[in-house]
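Visitor: I have just opened my first protein model and would like to learn how to read it. Could you walk me through it?

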Amino acid sequence: MADTAYWTVVHGLKGFFSCFCRVETHRTRNVPAGPWILACNHLSHFDPPLIAGAFSRPLDFLAMRELFRPAWFGGLLRAANVIPVGRRQADTAALKAALGRLQKGRIVCVFPEGGLRAGATSVLGGADLTEGVALLASRAGVPVRPAVIVGSDQLYVGRNWIRRPRVLVAVGEPILPPGKEEKRSDWVKKLGRKMREVYDEARHRHRLHPHELPHTPQERWKAGR
């Protein structure tokens, strides 16, 4: 699978966002080639390009089908190897497409929180993950690496674009896919714990300040930062 369009889009967006935020990374540059799954929390609409720019290997993202309209934008997403997925029901076509990418040795990035989350509704706040990532990992028989992004929600406040806030992207050690006798619910709880461990480690290593920690857009707008 050619990645020319992917890297053209990623490098373009990386250059754009570098003018407005400072991305710090941990363990993202030396990850191995696929096949494996990257499971990350989902804090803001800015996450996919910021995450993609933090890795030296191409990532195939799953994105909600609504983002593929209008048609020209959907074509751009498909050219950048993005897989459309429906959010309201089991999407067998998306699962099949993701499995196909993994069988080709790709890295597939998923947001198993099921949407934008912060606070108590986020995995970082202790909330449960959806089980779709467990199904994908077990069907493909590939490991899953927990990852976190922190700070991207600061970009919901206009004046933060001037002060270039920090955004952190960190990845942890891989975990094996669910075993034959392992419940998916138990496995996703384990993945959630691993994601919180990556978050806690990164928060202390990079000495994140309270205002850099995850907040909802509404909290950001109210505080003005």
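Guide: Gladly! This is a predicted model, and of the 225 residues of the protein chain, 49% count as buried. A residue is called buried when its relative accessible area is under 20%, and exposed when that area is over 50%.

Visitor: Which helices and strands should I look for, and how many are there?

Guide: You can find eight helices and seven strands in the protein chain. Along its principal axes, the C-alpha trace spans about 45 × 40 × 35 Å.

Visitor: What radius of gyration does the protein chain have, and what would a compact globule have?

Guide: The idea is to set the value beside a rule for globules. For 225 residues, a compact globule would have a radius of gyration near 17 Å, and the protein chain has 17 Å, so the two agree.

Visitor: What can contacts tell me about the fold?

Guide: They show which parts of a sequence meet in space. Here, among contacts with a separation of 6 or more, 76% are between residues 24 or more positions apart.

Visitor: And the surface: how much of it belongs to carbon and sulfur atoms?

Guide: The accessible surface comes to about 11,300 Å², and 56% of that belongs to carbon and sulfur atoms. As for charges, the protein chain has 35 positive and 19 negative ones, and their mean positions are 4 Å apart.

Visitor: How do I read a helix?

Guide: Start with the general idea. An α-helix has 3.6 residues a turn, so residues three or four places apart point the same way. Now turn to helix 2, residues 47-54, where seven of the eight residues are buried. Those buried residues are Asp47, Pro49, Leu50, Ile51, Ala52, Gly53 and Ala54.

Visitor: What covers the buried residues of helix 2?

Guide: The cover includes helix 1 (4-18) and a set of strands: strand 1 (22-26), strand 2 (36-40), strand 3 (60-64), strand 6 (144-150) and strand 7 (166-171). Ser18 gives you a handle on helix 1, since it lies in that helix. Ser18 is partly exposed, with a relative accessible area of 37%. Between the C-alpha atoms of Ser18 and Leu50 there are 9.5 Å, although the two are 32 residues apart along the chain.

Visitor: How many disulfides are there?

Guide: To count one, the two cysteine sulfur atoms must lie within 2.5 Å. By that rule there are zero disulfides. Cys21, for example, is in no disulfide, and the nearest cysteine sulfur, in Cys19, is 9.4 Å away. Cys21 is buried, at a relative accessible area of 2%.

Visitor: Why is Cys109 not bonded to Cys40?

Guide: The sulfur of Cys109 is 6.0 Å from the one in Cys40, its closest cysteine sulfur, and that is too far for a bond. Cys109 is buried too, with a relative accessible area of 0%.

Visitor: What should I look for in the backbone?

Guide: Try the omega angle, which describes the peptide bond. Gly34 and Pro35 are joined by a cis peptide bond, with omega about 10°, and Pro35 sits in the loop between strand 1 and strand 2. The peptide bond from Arg69 to Pro70 is also cis, its omega being near 0°. You will find Pro70 in the loop between strand 3 and helix 3 (71-79).

Visitor: Which residues other than glycine have a positive phi?

Guide: Two to look at are Arg164, with phi of about 55°, and Arg207, with phi near 50°. Arg164 is in the loop between helix 6 (160-163) and strand 7, and is partly exposed at 30% relative accessible area. Arg207 lies in the loop between helix 7 (184-205) and helix 8 (217-223), and counts as exposed with 69%.

Visitor: Is a loop residue such as Leu124 buried or exposed?

Guide: Leu124 counts as buried, at 13% relative accessibility. Its loop runs between strand 5 (107-110) and helix 5 (132-140).

Visitor: Which residues does Leu124 touch?

Guide: Leaving out residues up to four places away in sequence, Leu124 touches Asn41, Glu113, Val148, Met195, Arg196, Tyr199 and Pro214. For another pair to find, take Leu124 and Arg57: they are 67 residues apart in sequence, and their C-alpha atoms are 25 Å apart in space.

Methods. Residues numbered from 1 in each chain as written. Predicted model: local features only at pLDDT ≥ 70, side-chain atom pairs only at ≥ 80, totals over all residues. Heavy atoms only, no water. Helix = DSSP H or I, 4+ residues; strand = E, 2+ residues; numbered from the N terminus. Rg over C-alpha atoms; globule rule 2.2 N^0.38 Å. Buried < 20%, exposed > 50% of the residue type's maximum accessible area, 1.4 Å probe, protein only. Contact = heavy atoms within 4.5 Å. Areas by Shrake-Rupley, 256 points an atom, 1.4 Å probe, with all protein chains shown as cover. Lys, Arg positive; Asp, Glu negative; His and termini not counted. Charge placed at Lys NZ, Arg CZ, Asp CG, Glu CD.
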